Amino acid sequence: MSSIGWRAGRLNNRTEKEYRIGMEHKAYYQDKICLVTGANSGIGYAMSEELLKRGATVYMAGRDQKKISAAAGQLFPFRDHVRTLVVDVTRQDQVQKAIEGTAAEAGGLDMLFNNAGILLMALFERATLEEWKVMIDTNLWSVIYGVHTTVPIMLMQGSGHIVNVSSVGGIIPYPMQALYNTTKFAVTGLTESLRYEYAGKGISFSTLCPAFIATAIFNKGLDGSVGAEKIPEGAYPADKAASYCLDRVAERHGIIVVPEEPFTTMWKRCTTGDPSAEKFLSSMAELRRREVEEGKAPQAIPPLSTL
């Protein structure tokens, strides 16, 4: 075979392999019943749309009737496979009702995406106990409520997949976001523990750890109000993040970091006490404290080339 023919054959083989993997990723979601919290915007909306493209039926949950209805309306081509739920994820009774109601109506629940969450970037000494409570209720208790209700359903089914959205702030200790990191480290720990605990029971668990995704979380207040902060320059598109994450979920990955680099490398260096990571995070703390003193939101990031 000529070198040109060899290269063409290699390309065709690679294309065929990529096509096969792509079909396997899509097949994982075909006809699945999925419930997504925080689905009216950001990653939750992007995942809902991507799930629908892959053949799933999606129950989109949000606490505001108008917003979740408007979000579902934007997915009109998939209208036969979209349902909406009004749920305040900080209320255990509402979370339980939504999940059990979905399973009863659809005849089961294949996948739960605990996505709803809020971000607070501030100095620890300025945070109030009420802000701590709001963060823990929204980011952690909501996940616990969802998992607590869903696991018995999936045990009876003998199958299921629970996907909890953490953050790179749940694996890397970014300064000036201690409240947020506390909740997200807890979500990561919970999900990883349950991944092993239920591996032999047919239930899979995945932790999504997004980093600087282009969503409204950066300018959204604890009360849902919209602030003046801007989405960081160069933030990763939510639709690309959703597609990548769902591919990895279909492969039953545990911790899924998106974008994968440089954040996976940073995470590994942090866990091993690498001096470059120590220097990077110390520099970030200095830059962010300066921003706070200037009355700005602490969002500074040192050059990633320093890692």
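In this predicted model, Met176 lies in the loop that runs between strand E5 and helix H6, and the backbone there is notable for a phi near 70°, a positive value in a residue other than glycine. Most residues other than glycine have a negative phi, and most peptide bonds are trans. With a relative accessible area of 11%, Met176 is buried, because buried means under 20% relative accessible area.

Gln177 is found in the loop between strand E5, residues 160–165, and helix H6, residues 178–197. The relative accessible area of Gln177 is 6%, so this residue too is classed as buried. Leaving aside residues up to four places away in sequence, Gln177 touches Leu120, Met121, Ala122, Gly169 and Arg288.

A positive phi is also found at Arg252, where the angle is near 60° and the residue is again one other than glycine. Arg252 sits in the loop between helix H7, which spans 238–250, and strand E7. Its surroundings leave Arg252 partly exposed, with a relative accessible area of 48%, whereas Met176 is buried.

Beyond strand E7, the chain contains two cis peptide bonds that can be described together. One of them joins Val258 and Pro259, with omega at about -10°, and Pro259 is found in the loop between strand E7, residues 255–258, and helix H8. The peptide bond from Glu261 to Pro262 is likewise cis, with omega near 10°, and Pro262 is also placed in the loop between E7 and H8. The backbone features described so far are collected below.

| Site | Backbone feature | Value |
|---|---|---|
| Met176 | positive phi | near 70° |
| Arg252 | positive phi | near 60° |
| Val258 and Pro259 | cis peptide bond, omega | about -10° |
| Glu261 to Pro262 | cis peptide bond, omega | near 10° |

The next topic is helix packing. Two packed helices are described by the angle between their axes and the distance between the axes. Helix H8, residues 263–271, packs against helix H9, residues 275–293, at an angle of about 105°, and the axes of the two helices are 8 Å apart. H8 and H9 are therefore roughly perpendicular to each other, since angles of 65 to 115 degrees count as roughly perpendicular. On the H8 side the contact is made by Met266, Arg269 and Cys270, which meet Ser276, Ala277, Phe280 and Leu281 in H9. Sorted by class, the residues of this contact comprise five nonpolar, one polar and one charged.

Asp274 has its place in the loop between H8 and H9. With a relative accessible area of 25%, Asp274 is partly exposed. The C-alpha atom of Asp274 is separated by 9.4 Å from that of Leu307, although the two residues are 33 residues apart along the chain.

A second helix pair is formed by helix H4, residues 92–106, and helix H5, residues 129–157, which pack at an angle of about 30° with their axes 9 Å apart. That angle makes H4 roughly parallel to H5, because angles under 35 degrees count as roughly parallel. The crossing in which H4 passes H5 is right-handed. From H4, the residues Gln92, Val95, Gln96, Ile99, Glu100 and Ala103 take part in the contact, and they meet Tyr145, Gly146, Thr149, Thr150 and Ile153 in H5. The residues of this contact divide into five nonpolar, five polar and one charged.

Helix H5 also holds Ile144. The relative accessibility of Ile144 is 29%, so Ile144 counts as partly exposed. In sequence, Ile144 is 43 residues apart from Val187, while in space the two residues are 8.6 Å apart, C-alpha to C-alpha.

For the protein chain as a whole, the secondary structure consists of nine helices and seven strands. Of the 307 residues in the chain, 47% are buried. Among the contacts with a separation of 6 or more, 67% are accounted for by residues 24 or more positions apart. The accessible surface of the chain comes to about 15300 Å², and 54% of that surface belongs to carbon and sulfur atoms.

Methods. Residues are numbered from 1 along each chain as its sequence is written. This is a predicted model: local features need pLDDT of at least 70, side-chain atom pairs count only at pLDDT 80 or more; totals for chains, interfaces and linings use all residues. Side-chain values use heavy atoms; hydrogens and water are left out. Helices (H or I, at least four residues) and strands (E, at least two) are DSSP runs, numbered from the N terminus. Buried means under 20% relative accessible area, exposed over 50%, partly exposed in between (1.4 Å probe, protein chains only). Contact means heavy atoms within 4.5 Å. Accessible areas come from the Shrake-Rupley method with a 1.4 Å probe; for residues, only the protein chains shown count as cover. Axes are lines fitted to C-alpha atoms, for helices over the stretch in contact, and angles run from 0 to 180 degrees between N-to-C directions. Angles under 35 degrees count as roughly parallel, over 145 as roughly antiparallel, 65 to 115 as roughly perpendicular and the rest as oblique. A crossing is left-handed if the near helix is turned anticlockwise from the far one by less than a right angle, and right-handed if clockwise. Ala, Val, Leu, Ile, Met, Phe, Trp, Tyr, Cys and Pro count as nonpolar, Asp, Glu, Lys and Arg as charged, and the others, Gly among them, as polar.
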